[in-house]
Amino acid sequence: MTTPAVTYNLIKKDKHTGARLGQITTPHGTFDTPMFMPVGTQASVKAMAPEELKEMGAGVILANTYHLWLRPGEDLVEEAGGLHQFMNWDQGILTDSGGFQVFSLAELRNITEEGVHFKNHLNGQKLFLSPEKAIAIENALGADIMMSFDECPPFFESYDYIKKSIERTSRWAERGLRAHKNPQTQALFGIVQGGGHKALREQSARDLVSLDFPGYSIGGLSVGESKAEMNHVLDFTTPLLPENKPRYLMGVGSPDALIDGVIRGVDMFDCVLPTRIARNGTCMTSKGRLVVKNAKYARDFRPLDEKCNCYACRNYTRAYIRHLLKTDEIFGLRLTSYHNLYFLLDLMRKIRAAIKEDRLLDFRAEFFEEYG
Ligand SMILES: NCc1cc(CSc2ccccc2)c2nc(N)[nH]c(=O)c2c1
């Protein structure tokens, strides 16, 4: 029996909800869960240095197979010694399989049993991505956690379409397992799909659990459905997944969605939101979003968030950061990005502490009271 590349240790279950306190152990370290994972699509968490990510408490960061395949190419990254060496990051890395990006970025897509034909969104070149090709790219990139090649169908798509889609996604997942070259050092997760259809989520979970992946992702959510609909799907999906393996909710990262996902048994989250909104001057604070570029902050000499202990809040004011953003000073984006990432990583620290003390629902009430 080979040792899996990633193991999950369930430390404590919350008394009143489905939340879990745990740890995920990877070849690049052991990390507390529930966790938020900053997204570094092109092998860089935009505007952040690895040392800054470490000091704010990031453990696992994400990179994007589709983007790195197109530029600079997985062979170049492999020649550099893999993503950890290439980007000077010695902790956890997770890569997506590229399927989602093909569906969301590329034009002229044609999905077949074999894989997906599409045009490169950068130069129009015709490309083809299959489960085998996606896994080979992720093997070459060397991430600790890899995603299976999946189709992410529209949430409200018909039952018949999504049934055919999840059955193909399960066949693709099995092909990916067979193509995976390094199961001892890289953990391949299966991705549960099924849109908003309970029976199809159950079928997808059943098929993937029977393939015994070391971890499971919940895909096809945060794709336009309401938060209530997402939470409803989570209510009946997470219990279908093995308790002793990590559960990763893909592409979800607003503060309220993180809390509600943890309550429903999710262990890992990612989202481009913190760095994306930071670049247009929107900051996450304990009192909700603050658009620091607004004129009303021109002479506001308080920190972004008076309850935040991050580098930006300890050293700079709203007025200064607004000035930097208005004058296109790059340092402004760095401060808002740093703060937003710190805010979500710190929120996860507070959530873990609340689970430990069986007061997660109280924490949720207090958080929403202030956050609005
Ligand atoms: N919006 C939700 C979402 C996001 C991602 C991207 S998560 C990501 C992004 C960048 C790097 C690593 C992971 C997804 N990826 C896959 N494979 N399947 C999904 O259903 C899905 C749904």
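Okay, let's start with L360. Setting aside the neighbours within four places in sequence, L360 touches D14, T17, A19, V262, I263, I351, A354 and I355. Keep in mind that this is a predicted model.

So where does L360 sit in the bigger picture? It's among the residues with the most contacts inside the largest nonpolar core, together with F36, L53, L83 and I351. That core has 91 residues. Helix α14, residues 330–356, brings the largest share of them, 12 residues. There's also a second, separate core, with 18 residues, and V60, L94, A187 and M268 are among them.

Okay, on to the pocket. How much space lies in the largest one? About 930 Å³. It's lined by 42 residues, and if you go looking for the centre, the closest ones are F100, G251, D270, C271 and V272. By class, the lining splits into 17 nonpolar, 17 polar and eight charged residues.

Which elements give two or more residues to that lining? You've got two strands, β5 (60–64) and β14 (268–271), plus the helices α5 (99–105), α9 (227–237) and α11 (273–278). The largest share comes from α5, with four residues.

Last stop, α9, since we just met it at the pocket. Its buried residues are M230, N231, V233, L234, F236 and T237. And what covers them? The cover includes the strands β11 (187–192), β12 (216–218) and β13 (247–249), along with the helices α8 (198–210) and α10 (255–263).

That's my tour, thanks.

How values were computed:
Residues numbered from 1 in each chain as written. Predicted model: local features only at pLDDT ≥ 70, side-chain atom pairs only at ≥ 80, totals over all residues. Heavy atoms only, no water. Core = buried A, V, L, I, M, F, W, Y, C linked by side-chain atoms within 4.5 Å. Buried < 20%, exposed > 50% of the residue type's maximum accessible area, 1.4 Å probe, protein only. Contact = heavy atoms within 4.5 Å. 1 Å grid on protein atoms, 1.4 Å probe; cavity = no way out; pocket = protein on both sides within 12 Å on 5 of 7 lines; lining within 4 Å. Points joined across faces, edges and corners; volume = space filled by probe spheres on them. Nonpolar A, V, L, I, M, F, W, Y, C, P; charged D, E, K, R; others polar.
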